[in-house]
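Open the model in your viewer and colour it by chain. The tour goes from the contact between chains to the interior.

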There are 2 protein chains.
Amino acid sequence: MEFVTNEKLTIVGAAGMIGSNMAQTAIMMGLTPNICLYDVFSPEGVAEEMRHCGFGEVTITATTDPKEAFTDAKYIISSGGAPRKEGMTREDLLAGNAGVAKELGENIKKYCPDCKHVVIIFNPADITGLVTLLYSGLKPNQVSTLAALDSTRLQSALAKHFGIRQGLVKNCCTFGGHGEQMAVFASPVTIDGTPLLDIIGTGKAVNGVTLSAEQWAEMKKAVTQGGSAIIKLRGRSSFQSPSYVSVEMIAAAMGGKEFTWPAGTYVSTEKYHHIMMAMPSRITADGTYCKAITGTAEELADLNKSYSHLCDLRDQVIGMGILPPVSEWNKVNPNL
Amino acid sequence: MEFVTNEKLTIVGAAGMIGSNMAQTAIMMGLTPNICLYDVFSPEGVAEEMRHCGFGEVTITATTDPKEAFTDAKYIISSGGAPRKEGMTREDLLAGNAGVAKELGENIKKYCPDCKHVVIIFNPADITGLVTLLYSGLKPNQVSTLAALDSTRLQSALAKHFGIRQGLVKNCCTFGGHGEQMAVFASPVTIDGTPLLDIIGTGKAVNGVTLSAEQWAEMKKAVTQGGSAIIKLRGRSSFQSPSYVSVEMIAAAMGGKEFTWPAGTYVSTEKYHHIMMAMPSRITADGTYCKAITGTAEELADLNKSYSHLCDLRDQVIGMGILPPVSEWNKVNPNL
C-alpha cells in the first residue's frame with residue numbers, strides 16, 4: 001500500500017458518526033499509515049473496527065488524551081463539536097462550539113505548532129474555523145472549513161433536473177457563509193457545456209429540459225436547506241458526505257489530488273476582512289489559496305449579505321468573550 | 001474515474017448503517033458507475049449523501065421496489081436483515097433473517113437469474129447465505145458470505161499482543177461457522193515470519209513478547225466474541241468493518257483485487273456437505289473456490305464441532321419450513 005505521506009493525521013471527534021467515517025475514508029484514500037483518533041469519548045471501538053478491516057500497513061491509535069492526540073500531528077480534521085440538543089438555542093450551540101474551537105486552537109499551539117493544515121467541519125464552521133485559526137497561531141492558508149457541500153448539492157440538484165450525469169454539471173459554487181444566508185452563484189455554472197445563465201428563464205433546453213426563473217429560485221432555496229433535507233430523508237443529520245468531502249480537503253493539503261470545490265478560508269481583502277467564509281479557492285500541499293470572486297451584481301449583493309451575516313455572528317462571539325476584539329487578534333496570532 | 005466494470009451493483013439494506021457504508025465504500029473503490037440502493041425503507045437519503053460527495057461519474061438510484069432493484073443486477077451485496085442487539089445471540093435472529101434470505105433468493109431468481117455474484121452478510125450469514133443460494137438458483141461459487149472478520153480480528157489481536165504492524169501477522173483464519181462455535185486455526189499463522197505454533201506456550205518470543213497457552217486460549221475466546229466487544233466499545237454493533245470487507249469480496253468477484261481472507265461458501269465434500277461455512281478460499285472474477293483444509297488434529301476437531309453446530313442450525317431452519325429437507329434441495333436448485 002502506498003501512502004500520500006507518512007506524517008501523522010489526527011481525527012478529532014473520531015468516536016462520532018462523522019469522525020469514524022473520516023477515519024475509514026482517510027485510510028481508504030491511502031493518506032498516511034499514521035492515524036490518531038481522538039475524542040472526549042473513547043474512539044477505541046472505531047479503531048477496532050478499522051483494524052478489523054485488515055488495513056495491514058496502517059497504525060491506528062485511539063486516545064482521549066489531547067497531549068497524545070496532538071503531539072506531532074501534522075494534519076488535523078475536526079468534527080468534534082457538540083450536536084445541538086433539545087432546548088438548546090442557536091446561541092447556546094454557538095457559545096459551546098466556539099469554546100470547543102478555542103480549546104482545539106490552544107491544543108494545536110501547545111502540542112503541534114508545526115501542524116501543516118487543519119480542516120474544521122463543526123457548526124457553524126465559518127465561526128469555529130475562525131476561532132481555531134486565531135488560537136492555533138497558524139497561518140490563514142493552513143486552516144480551512146468545509147463549505148463544499150452546498151456546491152455539491154447544487155451540482156446534484158441540477159444534474160437531476162436536467163437528467164444528466166452529475167459530472168456534466170461544472171463549476172457549481174456557493175460563497176460566503178455555510179447556511180441559509182449563503183450566496184449561490186449561477187454565473188460560473190455550465191450544464192453539459194451550456195452556461196446556466198443562458199438557460200435560466202430563457203426557454204433554452206439541455207437534454208430537452210428547460211429551467212424557469214421560478215424553478216431556479218426554488219432550487220437555490222432547496223440547496224441552502226440541503227442539511228435539513230437529509231435529516232428528513234435519513235432521520236439523522238448527514239455524516240457520509242461531510243466526512244468524505246472534508247477528507248478530500250485534507251488529502252489535498254497532504255499532497256494528494258488538488259481540492260477545487262469552494263473551501264471556507266480566512267479572508268482579508270479591502271471588502272471582506274477578519275472573517276472566514278467560502279471563497280473560490282484551491283487546496284494543495286501549499287495550503288488554501290483564494291481567487292478573485294466574480295459574479296453578477298445580484299450574486300455579489302447576495303455575497304455581501306452573507307458576509308454581513310457572518311460578521312454579526314463573529315461579533316456575537318466577540319461579545320461572549322470567546323474571541324477578543326478584532327483589533328487585538330494580531331496579538332493572539334501575529335499571522336492575522 | 002476508471003471503474004472495474006460497468007455492470008449493475010445492487011446494495012440491499014442500503015438505508016442502514018452497513019448498507020450506506022457499503023455504498024460509499026463501493027464508490028470509493030471505483031467498482032462501477034451503476035449502483036442501485038435498495039431497502040424496504042427508502043434509501044433516498046443515502047443516495048443523496050452519495051451525490052453530495054460529488055462522485056461525478058457514478059449514477060446512484062434508490063428504490064424500495066424489488067423489481068427495479070434486482071432487474072439487470074449483476075452483483076449484489078446484502079446486509080438486509082434485522083440488526084443484532086445487545087444480549088441477542090446470532091441464533092435469535094435465525095427465523096426472521098432466514099425468511100428475509102428466502103425472499104432475496106426468490107427475487108434473484110425472478111429478476112436477475114444472470115446475476116454473477118452475491119455476497120450475504122446478515123446474520124447468521126452461514127444460514128442466510130445458504131437459504132439465498134438455494135432459492136436463487138445460482139451456482140455454489142456465486143454466493144459467498146462474510147466470514148473474514150473473525151480472521152481480521154485475530155490478526156489485529158495478535159498484532160497488538162506482539163506490538164507489531166498488523167500486516168506482519170499473516171494467514172490468520174477461522175473456519176466453519178461465523179459465531180462462537182467457529183474454529184480458530186493457529187497452524188497457518190506466522191508472526192513476523194515465525195510460525196505461531198512455535199510460539200504458543202514455548203517461551204519463544206517475537207519482538208520480545210511470548211504467548212502462553214492460556215493467553216492464546218483467551219485470545220481465541222475474545223476473537224469469537226469480537227462482535228459483542230464492538231457493541232460494548234461503540235454502543236452499537238459494528239458496521240464499518242463488515243461493510244468494508246464485504247465490499248472487498250464483491251470487488252474481487254467483479255474483477256478487482258483477489259479476495260484471500262476466508263469466505264463463507266457452499267461446501268460439498270464427503271466430510272462436510274449441504275452447508276455453507278468459512279473455508280480456505282479465494283474470490284476472483286470466476287467466483288469463490290475452496291482449497292483443502294489442513295490443520296492440527298485439535299483444529300480439525302474444532303472444525304467438526306463447528307460444522308455440527310451449523311448442521312443443527314440448518315436443520316432448525318428446515319424444521320421451520322423455510323428450507324426444504326436436504327433431499328429435495330436439488331429440485332429447488334439443480335446446481336446443489
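Start where the chains meet. Between chain B and chain A there are six salt bridges. This is a predicted model, and the stops below are computed from its atoms.

**Stop 1: one salt bridge.** Select Glu48(A) and Lys160(B). These two form a salt bridge, with their closest N and O atoms 2.5 Å apart. Now widen the view to polar contacts. Across the interface of chain B and chain A, 30 residue pairs are in polar contact, both residues at pLDDT 80 or more.

**Stop 2: the helices of chain B.** Show chain B as a cartoon. Five elements are worth colouring: helix 1 (17-28), helix 2 (44-52), helix 6 (149-162), helix 8 (226-234) and helix 9 (240-253) of chain B each give two or more residues to the side that touches chain A. Helix 2 of chain B gives the most to that side, with eight residues.

**Stop 3: the whole interface.** Select the contact residues on both sides. Chain B supplies 44 residues and chain A supplies 44 residues. The area buried between chain B and chain A is about 3,700 Å². Carbon and sulfur atoms give 52% of that area. Next, pick Glu49(B), His52(B) and Gln240(B). In chain B these lose the most area to chain A, together 19% of what that side buries.

**Stop 4: the symmetry.** Superpose the copies. A turn of 180° and a shift of 0.2 Å along the axis lay chain B on chain A with an RMSD of 0.9 Å. That is the relation of a two-fold axis. Of the interface residues of chain B, 100% are also interface residues in chain A, so the copies meet through the same surface.

**Stop 5: the largest core.** Which residues have the most contacts inside the largest nonpolar core? Select Leu158, Ile191 and Trp216 in chains A and B. The core they belong to has 116 residues. A second, separate core of 49 residues includes Phe70(A), Met276(A), Leu303(A) and Ile322(A).

**Stop 6: Ile191(A).** Zoom in on strand 10 (residues 190-191) of chain A, where Ile191(A) sits. Is Ile191(A) buried or exposed? Its relative accessibility is 0%, so Ile191(A) counts as buried. Beyond its sequence neighbours within four places, Ile191(A) is in contact with residues including Leu158(A), Phe162(A), Ile164(A) and Val206(A).

**Stop 7: Trp216(B).** Finish in chain B. Leaving aside neighbours within four places in sequence, Trp216(B) is in contact with Leu154(B), Leu158(B), Val184(B), Ala186(B), Leu196(B), Ile200(B) and Leu211(B).

Technical notes:
Residues are numbered from 1 along each chain as its sequence is written. Chains are lettered from A and ligands numbered from 1 in the order in which they are written. This is a predicted model: local features need pLDDT of at least 70, side-chain atom pairs count only at pLDDT 80 or more; totals for chains, interfaces and linings use all residues. Side-chain values use heavy atoms; hydrogens and water are left out. Copies are superposed by least squares on the C-alpha atoms of residues with pLDDT of at least 70 in both. Contact means heavy atoms within 4.5 Å. A nonpolar core is a set of buried Ala, Val, Leu, Ile, Met, Phe, Trp, Tyr and Cys residues joined through side-chain atoms within 4.5 Å. Buried means under 20% relative accessible area, exposed over 50%, partly exposed in between (1.4 Å probe, protein chains only). Buried area is the accessible area (1.4 Å probe) that two parts lose on being put together, summed over both. A salt bridge is a side-chain nitrogen of Lys or Arg within 4 Å of a carboxyl oxygen of Asp or Glu. A polar contact is a pair of N or O atoms within 3.5 Å; within protein, one must be able to donate a hydrogen and the other to accept it, and residues adjacent in sequence count only if both atoms are side-chain atoms. Helices (H or I, at least four residues) and strands (E, at least two) are DSSP runs, numbered from the N terminus.
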